[in-house]
Amino acid sequence: MNNYTDDVILEVRNLKKYFPIKSGIVFSKHVGDVKAVDGLSFYIRRGETLGLVGESGCGKSTVARTIIRLLDPTDGEIIFDGVDISKLPHSALRRIRKDMQIIFQDPYSSLNPRMTISEIIGEPLQVHKIVSSSKEREKRVQELLELVGLAPYHATRYPHEFSGGQRQRIGIARALALNPKFIVADEPTSALDVSIRSQIINLLQDLQKEFKLTYLFISHDLAVIRHICDRIAVMYLGKIVELSENDDLYTSPLHPYTQALLSAIPIPDPELEEKRKKIVLTGDIPSPLNPPTGCRFHTRCPSVMDVCSKVEPELKEVKPNHFVACHLY
């Protein structure tokens, strides 16, 4: 794990992102909201990796895009490096944009097929006026390609000429082009072959050490999360249900949802795997359009109580640096 300080680079307070649903002949009538993110609060220290984990559809990618203002938040505060960027106009965001970048999930759709690799990586350098000449830009692009394990001559090629793992390396090079302080990695390995995933994870870790980067690492793969993250936030239906240091979460998970997720991770030892108790959740994730009252997990929880459907539990610290939103504690 990284040796980071207590210096907080990003703090999110009660973040909400609702997508309005409209109907009528000209779609003018507001009939409801999809509550993709509904009151998230957390912080990330400078130099650490915070993992955000949960099932597909729980709002992880919406959190990623809202934090770096690809989406405008409905409510809440996003304090980056001491500045609340949640309500900044896009003209003011431009100055901050180079300090926060994103690595997208799909390396096949996140690269423009009509642009060469040199143009893809070099574009942010031109937009932010980091380089003063095309020669300087080409030199910087080649340096970035070598940094992520690709050859300088790859700069003249197009995205379709590369494998998925190579394309994700290009996406990482593009994210690094502006020397950012903070990178959101939105499931950067989920579209890749298993054999390539560890290479990309190791690359991200090496880059973090070399450039003192801070990551928000989003994934549904708990094995990957355990390998790369210092702290982990578990998300369910738009809310964080548990937040803890890495080792503590895996050795003593408190929330029933976290326990169910961890029980699904296969163990290489067949004897231990056979003895282990597996928690199988019943039912589907409720719709964020009409989430359950009280605790949102109560419709699937094996430890449900009467209070769970009536009162929403607060995220509270029940052990040092271990927070959980559950009526059991």
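**Exercise 1. Work out which strands helix 5 lies across, and how helix 5 runs relative to strand 6.**

Solution. Start with the elements: helices (H or I, at least four residues) and strands (E, at least two) are DSSP runs, numbered from the N terminus. Helix 5 lies across strand 6 and strand 7. Its direction is at about 175° to strand 6; axes are lines fitted to C-alpha atoms, for helices over the stretch in contact, and angles run from 0 to 180 degrees between N-to-C directions. Helix 6 (residues 194-211) also packs on the sheet, where it touches strand 3 (49-53), strand 6 and strand 8 (214-219). The direction of helix 6 makes about 160° with that of strand 8.

A word on the source: this is a predicted model, in which local features need pLDDT of at least 70 and side-chain atom pairs count only at pLDDT 80 or more, while totals for chains, interfaces and linings use all residues. Residues are numbered from 1 along each chain as its sequence is written, and side-chain values use heavy atoms, with hydrogens and water left out.

**Exercise 2. Trace the sheet of eight strands and find its edges.**

Solution. First, the order: this open sheet runs 6-7-8-3-9-10-12-11, with mixed pairing. Two strands pair if DSSP finds at least two bridges between them. Next, the edges: strand 6 (100-103) and strand 11 (316-319) each have a single partner strand, so one side of each lacks a neighbour in the sheet. From one strand to the next, the twist averages 25°. Finally, look at one pair: strand 6 and strand 7 (residues 182-186) are parallel partners over four bridges. Ile102 stands opposite Val184 in strand 7.

**Exercise 3. Do the same for the sheet of four strands.**

Solution. The order in this open sheet is 2-1-4-5, and the pairing is antiparallel. Strand 2 (29-45) and strand 5 (83-84) are the edge strands, each pairing on one side only. Inside the sheet, strand 1 (residues 8-23) and strand 4 (residues 75-80) pair over five bridges in the antiparallel sense. Helix 1 (residues 60-67) packs on this sheet and touches strand 1, strand 2 and strand 4. The helix 1 direction makes about 115° with that of strand 1. To pick out a facing pair, find Arg13, which stands opposite Glu77 in strand 4.

**Exercise 4. Describe how helix 3 packs against helix 5 and against helix 4.**

Solution. Take helix 5 first. Helix 3 (residues 117-127) and helix 5 (residues 164-176) pack at about 25°, their axes 8 Å apart. That makes the two helices roughly parallel, because angles under 35 degrees count as roughly parallel, over 145 as roughly antiparallel, 65 to 115 as roughly perpendicular and the rest as oblique. Contact (heavy atoms within 4.5 Å) involves Ile117, Ile120, Ile121 and Pro124 of helix 3 with Ile170, Ala173 and Arg174 of helix 5.

Now turn to helix 4 (residues 134-147): its axis and that of helix 3 come within 9 Å and cross at roughly 115°. Helix 3 is therefore roughly perpendicular to helix 4. Residues meeting here include Leu125 in helix 3 and Leu144 in helix 4.

**Exercise 5. Find the charged ends that sit over the rings of Phe19 and Tyr43.**

Solution. Apply the rule: NZ of Lys or CZ of Arg is within 6 Å of the ring centre and within 35 degrees of the ring normal. Over Phe19 sits the charged end of Lys17, 5.1 Å from the ring centre. Over Tyr43 sits that of Arg231, 4.5 Å from the ring centre.
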